Amino acid sequence: MHPEAWEKEMSKLVNSALDGKQVGISIGGTNFVVTVASQSESRTAGLAGKESIPNDGMIFIYPGLHNAPFTMAEMLFPIQIYFFDAAGHIIHAEGSHSQLTVEPPESYRYVVELASNLIVDGELELLEVIDDE
């Protein structure tokens with residue numbers, strides 16, 4: 001997909017109306033259903049305190065490039081975490097456990113948290129908005 005078309009498609013996720021909704025994404029050709037965290041409050045809450053991962057995981061969307069450390073506080077289960085630049089390329093990935101803070105080597109725009117047994121590699125792509133009511 002052309003970078004401009006890709007950015008236009010992904011920019012749909014920044015819409016506050018999609019915060020908390022489910023979307024289909026693909027990473028390197030592997031499809032997942034994830035919950036959108038596009039607003040500050042939902043990005044801060046993340047998966048903290050949840051007993052299990054919802055669907056396949058969560059996608060954290062920032063309105064622009066972000067370079068702060070990413071903290072997974074009060075995680076009750078292990079996850080894989082992937083950081084993507086504004087073009088959807090993986091810039092950093094690692095497994096995590098409770099109270100882990102990750103400092104990616106460069107700025108990121110999207111973060112995807114998946115179950116710890118889901119290890120992927122490739123570019124991020126929006127497939128569909130599943131519940132857009």
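A nonpolar core is a set of buried Ala, Val, Leu, Ile, Met, Phe, Trp, Tyr and Cys residues joined through side-chain atoms within 4.5 Å. Keep that idea in mind as we walk through this structure, which is a predicted model.

Let's begin with the whole chain. It has two helices and nine strands, and along the sequence they follow the pattern α-β-β-α-β-β-β-β-β-β-β. Of the 133 residues in the chain, 41% are buried. Now think about contacts between residues at least 6 apart in sequence: 67% of them join residues at least 24 apart.

Next, look inside. The largest nonpolar core holds 19 residues, and F70, M72, F83 and V111 touch the most other members. Two or more residues of this core come from each of β3 (57-66), β4 (70-72), β5 (79-84), β7 (100-102) and β8 (108-115). Another core, of 16 residues, lies apart from it, and its members include I59, I61, Y110 and L114.

One of the strands you have just met, β5, deserves a visit of its own. How many of the residues of β5 are buried? The count is six of six, so this strand is mostly covered, given that buried means under 20% relative accessible area. Try following the side chains along β5: I79, I81 and F83 point one way, while Q80, Y82 and F84 point the other way, and all are buried.

Which strands pair with β5? One is β6 (residues 90-96), which runs antiparallel to β5 and is joined to it by six bridges. These two strands form a hairpin with five residues between them, and in the turn you can find G88, with a positive phi of about 85°. The other is β8, again antiparallel to β5 and again joined by six bridges. Y82 is a handy place to see both pairings: its bridge partner in β6 is A93, and in β8 it stands opposite V112.

Finally, let's turn to empty space. Rolling a probe the size of a water molecule over the atoms shows where such space is left. The second largest pocket has a volume of about 160 Å³. It is lined by 13 residues, and those closest to its centre are T44, A45, T71, M72 and A73. The elements giving two or more residues to this lining are α2 (40-45) and β4. By type, the lining divides into eight nonpolar, three polar and two charged residues. You may recognise M72 here: it is also among the residues that touch the most other members of the largest nonpolar core.

Definitions and conventions
Residues numbered from 1 in each chain as written. Predicted model: local features only at pLDDT ≥ 70, side-chain atom pairs only at ≥ 80, totals over all residues. Heavy atoms only, no water. Buried < 20%, exposed > 50% of the residue type's maximum accessible area, 1.4 Å probe, protein only. Helix = DSSP H or I, 4+ residues; strand = E, 2+ residues; numbered from the N terminus. 1 Å grid on protein atoms, 1.4 Å probe; cavity = no way out; pocket = protein on both sides within 12 Å on 5 of 7 lines; lining within 4 Å. Points joined across faces, edges and corners; volume = space filled by probe spheres on them. Nonpolar A, V, L, I, M, F, W, Y, C, P; charged D, E, K, R; others polar. Pairing = 2+ DSSP bridges. Contact = heavy atoms within 4.5 Å.
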